[in-house]
Amino acid sequence: MKSVLRLELEEAKAMIEAAKKAAENVGVLETICIVDDGGCIIALERMNGARITGPEIAIAKAFTASGHKRSTHLFNQPGGPATTTGEAFGIHVMMPGKFAIFVGGFPIVVNGEVVGGVGVSGGNGEQDTVVGTAALKALQEYLGDAYEVMTQADIKK
């Protein structure tokens, strides 16, 4: 039997608020999605004026990051698993509409365990990364020193 950490709505809300503030700071309108370790949505918010395609894309990014335990942009980096020579080439075709292999999805790792994912859609890759990592940093702040949250962009568990 194993004890597990469970991401809750209060943490997700803190992450979304920090992500929105970061989006405003870089001048982009984003959709932010927080999912649990099973890829189920805990919270989703589309900023006023953000693209209508944002929710579906953010959901897919969060789902992929949580379920595959890695930042989504790592799939397509040179030598990455989703490149034409990688072991997971075509993986996104297996789950149409649910699996994203581009920038903007980050697993939420607390004390070494993947407890969920954050997906960000609306900016370019650099902006989505700033916003997504701001959400992770906000979780660390919210939880305090009793927990260790991975807050860098490149996460692979």
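In the predicted model, helix α2, spanning residues 54–68, lies across strands β1, β2, β3 and β4 and runs at about 155° to β4. The helix comprises 15 residues and reaches 21 Å from its first C-alpha to its last, close to the 21 Å expected at 1.5 Å a residue. Buried positions in α2 are Gly-54, Pro-55, Ala-58, Ala-60, Lys-61, Ala-62, Phe-63, Thr-64, Ala-65 and Ser-66. The elements that cover these buried residues include the strands β1, β2, β3 and β4 together with helix α4. Just after α2, Lys-69 adopts a positive phi of about 55°.

The strands across which α2 lies are arranged as an open sheet of 4 strands in the order β2-β1-β4-β3, with antiparallel pairing. Strands β2 and β3 form the edges, each pairing on one side only. From one strand to the next, the twist averages 15°. Helix α1 also lies across β1, β2, β3 and β4, and its direction makes an angle of about 25° with β2.

Within the sheet, strand β1 (residues 31–36) is joined to strand β2 (residues 41–46) by 5 bridges, and the two strands run antiparallel. Cys-33 has Leu-44 of β2 as its bridge partner, while Ile-34 is matched in β2 with Ala-43. The two strands form a hairpin with 4 residues between them, and Gly-39 in the turn has a positive phi of about 85°.

In soluble globular proteins, nonpolar side chains tend to be buried together. The largest nonpolar core of the model contains 28 residues, among which Met-15, Ile-34, Ile-108 and Val-118 touch the most other members. At least two residues of this core are supplied by each of α1 (9–26), β1, β3 (105–110), β4 (113–121) and α4 (125–143). The greatest contribution comes from α1, with 6 residues. When neighbours within four places in sequence are set aside, Val-118 is in contact with Met-15, Ile-32, Cys-33, Ile-34, Ala-62, Gly-104, Gly-105, Phe-106, Ile-108, Gly-132, Ala-135 and Leu-136. A second core, separate from the largest, consists of 6 residues, including Phe-75, Ala-82, Ala-88 and Phe-99.

Charged side chains were examined next. The model contains 5 salt bridges. One of these is formed by Asp-37 and Arg-6, whose closest N and O atoms are 3.2 Å apart. This pair links distant parts of the chain, 31 residues apart, with Asp-37 in the loop between β1 and β2 and Arg-6 in the segment before α1. Asp-37 is partly exposed because its relative accessible area is 38%, a value between the 20% limit for buried residues and the 50% limit for exposed ones.

A further salt bridge joins the side chains of Glu-17 and Lys-20, with an N to O distance of 3.1 Å. Both residues belong to helix α1 and are 3 residues apart, about one turn of the helix. The accessibilities of the two residues place them in separate classes: Glu-17 counts as partly exposed at 44% relative accessibility, whereas Lys-20 is buried, with a relative accessible area of 15%. Lys-20 is classed as buried because its 15% accessible area falls under the 20% cut-off.

Lys-20 also forms a salt bridge with Glu-45, the closest N and O atoms being 2.6 Å apart. This contact links distant parts of the chain, since Glu-45 is in strand β2 and Lys-20 in helix α1, with their positions 25 residues apart in numbering. Glu-45 and Lys-20 are thus 25 residues apart. Glu-45 counts as partly exposed at 28% relative accessibility. Glu-17, Lys-20 and Glu-45 are linked in a network of salt bridges.

How values were computed:
Residues numbered from 1 in each chain as written. Predicted model: local features only at pLDDT ≥ 70, side-chain atom pairs only at ≥ 80, totals over all residues. Heavy atoms only, no water. Pairing = 2+ DSSP bridges. Core = buried A, V, L, I, M, F, W, Y, C linked by side-chain atoms within 4.5 Å. Buried < 20%, exposed > 50% of the residue type's maximum accessible area, 1.4 Å probe, protein only. Contact = heavy atoms within 4.5 Å. Salt bridge = Lys/Arg side-chain N within 4 Å of Asp/Glu carboxyl O. Axes fitted to C-alpha atoms, helices over the stretch in contact; angles between N-to-C directions. Expected span 1.5 Å × (residues − 1).
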